[in-house]
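This report looks at cysteines, one helix and the nonpolar core. Please view the sequence and the structure first.

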Amino acid sequence: MARVILRDGKIAELRVVHNGTEDAAILRQLFASASKDSLYLRFFHAVREVDAKVLEDMLAGDGENRLSLMCVWADRVLGVGNYTRTGEDVAEISFFVRDDVQGKGVGSLLLEHLAQTAWRYGFRRFEAQVLYENNKMLQVFAASGYEVRRTLKSGVIYLDLPLLQTERSRALQETREKLATAASLMPFFQPRAVAVIGASRDPNRLGHMLLRHILEGHFQGTVYPVNPIATAVAAVRSYSCLADIPEPVDLAVIAVPAQQVPEVVEQCIQAQVRGVMVISAGFSETGEAGRIVEQALAERLRGVGCRLIGPNSLGILTTDNEVSLNASFAPHLPSQRGMAIASQSGALGVAILEYAQQLGLGISSFVSVGNKADVSSNDLLQFWEDDPGTETIVLYLESFGNPRKFSNITRRITRHKPVLAVKSARTSGGASVSNFPLLNVGSADAVVEALFQQTGIIRLDTLQELFDVAALLSSQPLPKGDNVAIVTNTGGGAVITVDALLREGMQFVQPVIDLGFETLAEQYRQVLPQVLRDPNVDAVVILYAEVGVFEENGVQIAIAEAVEEVCNELGEFSKPIVTNFLMKGDYRVRYISTQTGRIPVYPFPEQAARALGKVGAYARFRRAPAGRMPDLADVDTEAARRAVRQSVERHPLPPEQPLAEQTGNQMGNIGHRVPVIPLASDCVVETLRAVGIHFNPQINPTDGSGLTWLRLSMAHDPLFGPVLKAVRLASTPFNHDAPHSELKAVHRLLPLTDLDTASAVNELLPDLLNLMDPLARQNLGEIFLRVSLLVDQVPEIARMDDFILQLRVESVRVFACRMHAEG
């Protein structure tokens, strides 16, 4: 089954239609309840009862020759779609959608999932026949993003859809999912009526605290305590059960013992509650028995189209004036706008919320996702992407649910909103105490680093770094370049600052301006306007250390006046300023207030420099054009896929032979155990040639006159999908008498864009790129892109090893490659 979200926010499921009496009866009922017009448009003639042969064809799907999917919501079948093979790589597709849900996106979802499945089975094209007057179905195909070709003949439109995904089809699918996901989360972020189930009269119990916080946060809707034995809780009339509440409930907050939660969930379903948040603990975080109960709860709610936050959540809040909901354990509703926070650790998330308020950082919303049985960080990201009150998104992560979707979503968001992430459980020790343990911590963290780099996420190692960067983003503009001027009265602080800036990829403008120890306020006031006006300066770091006379207040006033002078002169000011005041006492980030905003003051110079460096890296990402997948010459992915499939058919493999037993370990622990077939060398040569990668068998591979050697490998990670690893070797890999250690290794998630490729090559070869001819550099980048395209368009390829490249001044030579395909 696959969970899908309809256009109106309802949660439905797509599942394969099985060959049995139950599904046959379901389909019969679907057609029997349809209007005459819908049946006519589907079958091209008047239908009283659908022919038994048609039903038999829908029930006999195996994917290889035909397949049927049905869309189910709340035990109702909303529609069915199926394809049937009509040629070697062609299938005919058709749909039928209930009259009352047409226009809700059911047909589009069926088309997307059938196309993805058919592609996996080797189909290259869909065909369809649609009556000329069937505008709704024609719109489904037109809005799919596929390059649809149409031919009209005798009142019937014949459609031809190449299944190769385009940028347009991907973008349309992502937009549909984003809008539908946002709609499904409205019961949490914009509820009109909230029920707190388990609201106790004891002020120390969790249910009472939640109710009290909702009331004190001035919730703009209605809150209903539910308590079977109390007539009132916190001076609010209480109800014995959900069924007694006089209006529809949008959000039910459940704070009862874990063993009572299934019964309460059933009450929510009967009351048609649209969103459920389970505060109660005692589920998957406790072991297998709890996981089974949690999974059953999620499936039960999903079956009726209701969304779930938790279990083991510590709540949600939103500061939107129209809502003002604090259904969390944060004691106060924070100030509006600014950061949206999602945390897998509830207690840590509440602490983050409290500290953000102490630093004066505004909050748009906060969600403790708990065990993520349903609503995940990916869902929240899609809601916050277009939320006008959210300017920055903060994530505390211990694990990923669907990293590939996370990558697609964050690539969009980071182009206009910064995303800050603290990803913990990076070591085996940390993973062992997490509620979300990872199997392969070392390999996974390298891939996570690649994921964050490719998507433009600002990765922070500590919570302190998180707040340092958040303080800067909330108060200062992004730098337009990497050149940083330093104005200081402490030479030692300047040295620390320069070291930190250079480590973060920034540059400092020489010379450092050292003001000495006398008349400091006056000197800062005179020097700073000149520095701020300098067109060669993109950002400014101001350091101040107290020496003898206490001048902190005077220096702060001088800095504020200097900034205001330049702002008034230029009409705007677009250079970030960070300051460090080495003072005793409070070690939190503070601010210097000016008429145009706030300037962050950090307790230590390296904190200021690191924060600026992180923001500078993000600004570089924003300045760069969005990565694209360029069109490459001499590429025939159909020929490559045909070669691989034919080789697989010629070499059947017993299914018990797993991948791990046949290949080396160049990808570390990355890879999953699936039956694979090692492809013959002639097939590998033919496959690579089809995408424009050619061997040079005449060249002596032991020739050591090249600049360096690279080894590429690819494996499918069970979480992250296909991952490319590129290694720079210390010596030729063909000299088996000498060790060939790794000088540098980089990971990238596939598919690659041109920017992903450029960053990988720059990391591997910072000292050699200028020595290579421009054409050789271009060819090297294209090899990475061709490998990415091959893996993306030939899904049968399970693994690549020992893809050896020799880099020379004038050329890049390919010597070897081993390839495995799924059996």
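A disulfide is a pair of cysteine sulfur atoms within 2.5 Å. This is a predicted model, and the structure holds zero disulfides. Two cysteines show why, each with a sulfur too far from its closest cysteine sulfur for a bond.

| Cysteine | Closest cysteine sulfur | Sulfur distance | Relative accessibility |
|---|---|---|---|
| Cys306 | Cys268 | 7.0 Å | 4% |
| Cys817 | Cys683 | 11 Å | 12% |

Cys306 counts as buried. Cys817 is buried too.

Next, helix α3. This helix spans residues 52-59, and its buried residues are Leu55, Met58 and Leu59. Viewed down the axis of α3, these buried residues fall within an arc of 95°, so they line one face of the helix. The cover over the buried residues of α3 includes two helices, α1 (21-32) and α2 (36-43). It also includes the strands β3 (66-73) and β4 (76-85). At the start of α3, Asp51 makes a polar contact: one of its side-chain oxygens comes to within 2.8 Å of the backbone nitrogen of Lys53.

Now the core. Nonpolar side chains tend to be buried together in soluble globular proteins. Here the largest nonpolar core has 52 residues. Helix α15 (residues 441-455) gives the most to this core, with five residues. The residues with the most contacts inside the core are Phe189, Leu380, Trp384, Leu395, Phe406 and Phe452.

What does Leu395 touch, not counting residues up to four places away in sequence? Leu395 is in contact with Ala342, Leu381, Phe406, Val419, Leu420, Ala421 and Val422.

Notes: Residues numbered from 1 in each chain as written. Predicted model: local features only at pLDDT ≥ 70, side-chain atom pairs only at ≥ 80, totals over all residues. Heavy atoms only, no water. Buried < 20%, exposed > 50% of the residue type's maximum accessible area, 1.4 Å probe, protein only. Helix = DSSP H or I, 4+ residues; strand = E, 2+ residues; numbered from the N terminus. Arc of directions from axis to C-beta. Contact = heavy atoms within 4.5 Å. Polar contact = N/O pair within 3.5 Å; in protein donor to acceptor, adjacent residues only side chain to side chain. Core = buried A, V, L, I, M, F, W, Y, C linked by side-chain atoms within 4.5 Å.
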